[in-house]
Amino acid sequence: MNRTPPPDGPALFAALRACASGIHPLEAGTSLLIDHGSWLCRRDFTSRFITTGTSISDGTTLLASIDWEAAVIALHAGELPSSGGERRMLHLAASIAGGIPVSLYDTLPGIDRRNASLVISAVAHAAGLPYLETDKRHLNG
């Protein structure tokens, strides 16, 4: 993979999902960050922590991956200005997808209903359980 600027929006999301495909925790954490809707719309995040490339199996599928550890290190160093909710969601996604340790005691309090529902769905998917439509009933609440 290379450091060319990643695509934006749906093309980026598809490339991230394609790269994570088949690895439940990686799928879950990546989807959590996509569904949260903040970090992947920020050039200061995507230009530094996303690497893109083309699938070697078909030569055409765009793939993208997130450097979870580097993103969390930059967050802790104050290099990524963010709200408390954004910080929490990045920590949770990085923990699920990248194995980055996070204190649930410190991270879960303060997330809103929508984000709590996203986290619940991500944890279920990371465990190998299918996403349930009922898990998403609070996304708009």
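These exercises walk through the helices and the core of one predicted model.

**Ground rules**

The model is predicted, so local features need pLDDT of at least 70 and side-chain atom pairs count only at pLDDT 80 or more, while totals for chains, interfaces and linings use all residues. Residues are numbered from 1 along each chain as its sequence is written, and side-chain values use heavy atoms, with hydrogens and water left out.

**Exercise 1. List the elements of the protein and find how much of it is buried.**

Step 1. Count the elements. The protein has seven helices and two strands. Helices (H or I, at least four residues) and strands (E, at least two) are DSSP runs, numbered from the N terminus.

Step 2. Put them in order. From the N terminus on, they run α-α-α-β-β-α-α-α-α.

Step 3. Turn to burial. Buried residues make up 40% of the 141 residues. Buried means under 20% relative accessible area, exposed over 50%, and partly exposed in between (1.4 Å probe, protein chains only).

Step 4. Look at contacts, meaning heavy atoms within 4.5 Å. Among those between residues at least 6 apart in sequence, 59% join residues at least 24 apart.

**Exercise 2. Determine which side of helix α4 is buried, and what covers it.**

Step 1. Find the buried residues. In α4 (residues 68-76) they are Trp68, Ala71, Val72, Ala74 and Leu75.

Step 2. Check their directions. They cover an arc of only 160° around the axis, which puts them on the same side of α4. The arc is that of the directions from the helix axis to the C-beta atoms.

Step 3. Look at the face turned away. There α4 carries the exposed residues Ile73 and His76.

Step 4. Name the cover. It includes α2 (24-36), α3 (43-49), β2 (62-66) and α5 (84-98).

Step 5. Follow the chain onward. After α4 comes Gly78, with a positive phi near 80°.

**Exercise 3. Describe the largest nonpolar core and the place of Trp68 in it.**

Step 1. Fix the term. A nonpolar core is a set of buried Ala, Val, Leu, Ile, Met, Phe, Trp, Tyr and Cys residues joined through side-chain atoms within 4.5 Å.

Step 2. Pick out the central members. The core has 32 residues, and Leu16, Leu32, Leu33, Leu40, Phe45 and Trp68 touch the most other members.

Step 3. Find the suppliers. α1 (9-20), α2, α3, β2, α4, α5 and α7 (113-126) each supply at least two residues. α5 gives the most, with seven.

Step 4. Trace Trp68. Beyond its neighbours within four places in sequence, its contacts include Leu33, Leu90 and Ile100.

**Exercise 4. Work out how α2 packs against α7 and α1.**

Step 1. Recall the description. Two packed helices are described by the angle between their axes and the distance between the axes. Axes are lines fitted to C-alpha atoms, for helices over the stretch in contact, and angles run from 0 to 180 degrees between N-to-C directions.

Step 2. Take α2 and α7. Their axes come within 8 Å and cross at roughly 165°. The two are therefore roughly antiparallel (an angle over 145 degrees). Residues of α2 that meet α7 include Ala28 and Leu32; on α7, Leu118 and Ala122 are among the partners.

Step 3. Take α1 and α2. They pack at about 165°, with axes 9 Å apart. These helices are therefore also roughly antiparallel to each other. Phe13 and Leu16 of α1 are among the residues in contact, as are Leu26 and Ile34 of α2.

Step 4. Look at Ala28, in α2. At 0% relative accessibility, Ala28 counts as buried. Its C-alpha atom is separated by 9.5 Å from that of Gly128, 100 residues apart along the chain.

Technical notes: Angles under 35 degrees count as roughly parallel, over 145 as roughly antiparallel, 65 to 115 as roughly perpendicular and the rest as oblique.
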